Amino acid sequence: MLNDPIPPHVDPRKLADRGVTINGSLLLADLERLCDPLSDDVGTVQAKFDFERDEQHVVVIHSELDVEVKMVCQRCLELVTLPIHSECTYAVVKEGANTQSLPKGYDVLELGEDPLDLQALIEEELLLALPIVPAHHPEECQQPAGADEPESSKDEVSRSNPFSVLAQLKRDPNV
Ligand SMILES: [Zn+2]
């Protein structure tokens, strides 16, 4: 099941009416714009899309994407393999529709009568999920000695004293 190809175009409204889940994969090499910032285009994207209508009858698509990509670590300049996981909830609306009443947390997807380009959606979502500064885990990184990270020493200072908070509460006559 997981190796079914992802259909390039779908009608999300019909799929939502039927409560369809699409599970499949596509090659990283087919996503040209996504491969641009990557070190190579070898890999497979696992994608899952749940189509449904919410209580307001809005067409909702919940996406789950997983892929491993290779990028250049910005600390040691060696290759780093990064697992990318992305989840989004899209609300499909007509072009120019009023989106004020949509629940927060939805990504608005304007769609006219044309079918939805699922491949473009995957590419767009993964581009946003890529790290801005790719890097190894500190303990796996071949960074040159001496280039260590700044320690977080400000924590202690900024932590508020629990007793002073309590005192403030007691002083407030409305409590
Ligand atoms: Zn590194």
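These legends describe several close-up views of one predicted protein model.

Residues are numbered from 1 along each chain as its sequence is written. Local features need pLDDT of at least 70, side-chain atom pairs count only at pLDDT 80 or more, and totals for chains, interfaces and linings use all residues, while side-chain values use heavy atoms, with hydrogens and water left out.

**View 1. The whole protein has 5 helices and 7 strands.**
Helices (H or I, at least four residues) and strands (E, at least two) are DSSP runs, numbered from the N terminus. Along the sequence they follow the pattern β-α-β-α-β-β-β-β-β-α-α-α. The protein has 175 residues, and 32% of them count as buried. Buried means under 20% relative accessible area, exposed means over 50%, and partly exposed lies in between (1.4 Å probe, protein chains only). The accessible surface comes to about 11,800 Å². Carbon and sulfur atoms hold 51% of that surface. These areas come from the Shrake-Rupley method with a 1.4 Å probe; for residues, only the protein chains shown count as cover. Take the contacts between residues at least 6 apart in sequence: 55% of them join residues at least 24 apart. Contact means heavy atoms within 4.5 Å.

**View 2. An open sheet holds 5 strands in the order 2-3-4-5-6.**
Its pairing is mixed. Strand 2 (21-27) and strand 6 (107-110) stand at the edges. Each has a single partner strand, so one side of each has no neighbour in the sheet. From one strand to the next, the twist averages 30 degrees. Helix 3 (residues 118-129) packs on the sheet and touches strand 2, strand 3 (44-53), strand 4, strand 5 and strand 6. The direction of helix 3 makes about 125 degrees with that of strand 5. Axes are lines fitted to C-alpha atoms, for helices over the stretch in contact, and angles run from 0 to 180 degrees between N-to-C directions.

**View 3. Strand 4 and strand 5 pair in the antiparallel sense.**
Strands of a sheet pair through backbone hydrogen bonds, either parallel or antiparallel. Here, two strands count as paired if DSSP finds at least two bridges between them. Strand 4 and strand 5 (residues 79-93) share 14 bridges. V69 has L82 in strand 5 as its bridge partner. D66 stands opposite H85, also in strand 5. The two strands form a hairpin with 6 residues between them. On its other side, strand 5 is joined to strand 6 by 4 bridges, and this pair runs parallel. There, V93 has E110 in strand 6 as its bridge partner.

**View 4. Two loop residues, H57 and L77, have positive phi values.**
H57 lies in the loop between strand 3 and strand 4. Its phi is near 70 degrees, although H57 is not a glycine. H57 is exposed, with a relative accessible area of 54%. L77 lies in the loop between strand 4 and strand 5. Its phi is about 65 degrees, and L77 is not a glycine either. L77 counts as exposed because its relative accessibility is 62%.

**View 5. The largest nonpolar core has 39 residues.**
A nonpolar core is a set of buried Ala, Val, Leu, Ile, Met, Phe, Trp, Tyr and Cys residues joined through side-chain atoms within 4.5 Å. In soluble globular proteins, nonpolar side chains tend to be buried together. I22, F49, V69 and I122 have the most contacts inside the largest core. At least two residues of this core come from each of helix 1 (12-18), strand 2, helix 2 (32-35), strand 3, strand 4, strand 5 and helix 3. Leaving aside neighbours within four places in sequence, V69 is in contact with L28, L38, V80, T81, L82, I84 and L130. A second, separate core has 5 residues, including V58, A91, V93 and L102.

**View 6. M71 lies in strand 4 (residues 59-72).**
M71 counts as buried because its relative accessibility is 6%. Not counting residues up to four places away in sequence, M71 touches P37, L38, S39, E78, L79, V80, L82, L130, P131 and P134. M71 and L82 are 11 residues apart along the chain. Their C-alpha atoms are separated by 7.4 Å.

**View 7. Cysteines C73 and C141 are buried.**
C73 has 0% relative accessibility. C141 has a relative accessible area of 10%. A disulfide is a covalent bond between the sulfur atoms of two cysteines. Here it is counted as a pair of cysteine sulfur atoms within 2.5 Å. By this rule, the count comes to 0 disulfides.
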